[in-house]
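Visitor: Please take a close look at a single part of this structure, starting from the end of one element. Then follow the contacts and the packing from there in one connected account.

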Amino acid sequence: MLAIGLMSGTSLDGIDAALVKINGCGTETDVQLMEMVTLPIGEELKEQIKTACDPVESNVPLICQLNTELGYQFLKACQILCQKAGIEEKSIDFVASHGQTIWHSPDADPAKNSTLQIGEPSIIAYGLQTKVVADFRVMDMAAGGQGAPLVPYTDYLLYQSDTKNRLLQNIGGIGNVTVLPKSGGLNELYAFDAGPGNMVIDELMVQLFGQPYDAFGETARAGAIIPTLQKELRTHFYLSQQPPKSTGRELFGKQFVLQLLTKYPEAAPEDLVRTLTDFTAFSIADSYQRFIFPQLGTNDMEVILSGGGAHNHLLIELIQGYLPESVAVVTQDDIGGSNDAKEAVAFAILGNETLHSRVNNAPAATGAAQGVILGKIIPNPWEAKMCNTLGG
């Protein structure tokens, strides 16, 4: 089948659309990346999304309007992808859309365990004339899980090794890791959000330089560590919180950065970016030291980086510097994959599992009480059969 996976993460740097050829399911899944595009999110729309994520400034009309507008943006990304790949839109068998998270708040109380991804999938289904699988997180939360992370299931299908312990480290807006013990089964993997990924760095770049991100880490490289801020950040409560755990913009978003800018008004802009880049690197390495290395050791250990952070050369250097020399650090690009397409491809695989009625969460990663089928299926409206109401 030909499928499109859609991902728009907490970093808000764009909508990733990956065209894949996919065969089989479960451990027999064979997936080939055919083409990939990223549709940038305009500054005005990005600010509206940030407002919708803010518990004080958000409002229902804004969320409803954004749900529609983002639905059309996701459709546009699919159409651009098909055009780039030189295929007819009608040839797409299904689309799997993560949507845009505007709220994610796991809670021990099932009635308060909540998440919301917007970007109306019906608009995609109608415009592309295909079926769509969307809203993946809520079923896991209904089963008592955190609804995140979801990619570990696909990490297991694609990257499990009999000879290496592998850490699949995505650095998007948030940094999340999937731990795959060598020769381990699905019930032996675990995963969690280590802390902020690009989110705090990007917000600093917007606030201080009017730029969406720190290209290759060059701004941070020009700065120096602010020792008092570094010490403060390393005592953040999230770092010591036990997995399973997940976080997002509600903890490390704009308000987090604005509070730091208020507290350190005299700090040089480059120094702030350097210190926050260090915080992202430290939070990743620290999570390994706390929650992974004590169980698996550091021999036969491989870290595979993906996401926008895999393009930040300084960030990679800092991560390597915080880890033992025995731990190999590579990127998806290094091993023949794609730093940018990994999560979009993952949701295409998750959608494929949904359509095959297969369990596609990883309770060991999310904390769910059991394995469940994730996602809601929007049928292809162009294949509807009319009911003869007169003839019965």
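**From a helix end to the aromatic core**

Guide: Gly86 comes directly after helix 2, and its phi is positive, near 70 degrees. The model is predicted. Helix 2 covers residues 60–85, 26 residues in total, and runs 38 Å from its first C-alpha to its last, close to the 38 Å expected at 1.5 Å a residue. The N-terminal end of helix 2 is capped by Asn59, which has a side-chain oxygen 2.8 Å from the backbone nitrogen of Leu62. Leu62 is itself buried, and other buried residues of helix 2 include Leu66, Leu70, Phe74, Ala77, Cys78 and Leu81. In an α-helix there are 3.6 residues a turn, so residues three or four places apart point the same way.

One pair of residues gives a sense of distance across the fold: Tyr72 and Thr219 are 147 residues apart along the chain, and their C-alpha atoms are separated by 34 Å. Thr219 lies in helix 7, residues 218–221. Its relative accessibility is 18%, so Thr219 counts as buried, the cut-off being 20%. Outside its neighbours within four places in sequence, Thr219 is in contact with Met205, Phe209, Asp214, Glu270 and Val273. The loop between helix 6 and helix 7 holds Phe216, which is not a glycine but has a positive phi of about 60 degrees. Phe216 is partly exposed, at a relative accessible area of 45%.

Helix 6 spans residues 199–209 and contains Met199, which is buried at 3% relative accessibility. Leaving out residues up to four places away in sequence, Met199 touches Thr10, Gly172, Gly173, Ile174, Gly248, Arg249, Phe252 and Gly253. Met199 and Pro40 are 159 residues apart in sequence, with 16 Å between their C-alpha atoms.

Phe252, one of the residues touched by Met199, leads to the aromatic residues. There are eight aromatic pairs in the structure. One of them joins Phe252 and Phe256: the ring centres are 5.2 Å apart and the planes stand at 75 degrees, so the pair is edge-to-face. Phe252 is buried, at a relative accessible area of 0%, and Phe256 is buried at 13%. A further pair is formed by Tyr288 and Phe293, with centres 6.0 Å apart and planes at 65 degrees, so this pair is edge-to-face. Tyr288 and Phe293 are both buried.

Phe252 and Phe256 belong to one aromatic cluster with Tyr238 and Phe279. Lys245 lies over the face of Tyr238, 4.3 Å from the ring centre. Elsewhere, the charged end of Arg234 sits over the ring of Phe282, at 4.0 Å from its centre. A cis peptide bond joins Pro243 and Pro244, with omega about 0 degrees. Pro244 is found in the loop between helix 9 (237–240) and helix 10 (249–252).

In soluble globular proteins, nonpolar side chains tend to be buried together. Here the largest nonpolar core has 49 residues, and Leu167, Phe256, Leu276, Tyr288, Ile292 and Leu323 are those with the most contacts inside it. Helix 12, residues 269–291, gives the most to this core, with ten residues. Of the 23 residues of helix 12, 18 are buried, so that the helix is mostly covered. At 1.5 Å a residue helix 12 should span 33 Å, and its end C-alpha atoms are 33 Å apart, which agrees.

Leu323, one of the residues with the most contacts inside the core, touches Ala285, Tyr288, Phe293, Val303 and Val329, again not counting residues up to four places away in sequence. Apart from this core lies another, of 36 residues, with Met36, Val133, Leu157 and Ala362 among them.

Two backbone details remain. Asp135, a residue other than glycine, has a positive phi near 55 degrees, and Asp135 is located in the loop between strand 6 (131–134) and helix 4. The peptide bond joining Ala148 and Pro149 is cis, with omega about -10 degrees. Pro149 is in the loop between helix 4 (137–142) and helix 5 (152–159).

Methods: Residues numbered from 1 in each chain as written. Predicted model: local features only at pLDDT ≥ 70, side-chain atom pairs only at ≥ 80, totals over all residues. Heavy atoms only, no water. Phe/Tyr/Trp six-rings, centres within 6.5 Å; stacked < 30°, edge-to-face > 60°. Buried < 20%, exposed > 50% of the residue type's maximum accessible area, 1.4 Å probe, protein only. Lys NZ or Arg CZ within 6 Å of the ring centre and 35° of its normal. Helix = DSSP H or I, 4+ residues; strand = E, 2+ residues; numbered from the N terminus. Expected span 1.5 Å × (residues − 1). Polar contact = N/O pair within 3.5 Å; in protein donor to acceptor, adjacent residues only side chain to side chain. Core = buried A, V, L, I, M, F, W, Y, C linked by side-chain atoms within 4.5 Å. Contact = heavy atoms within 4.5 Å.
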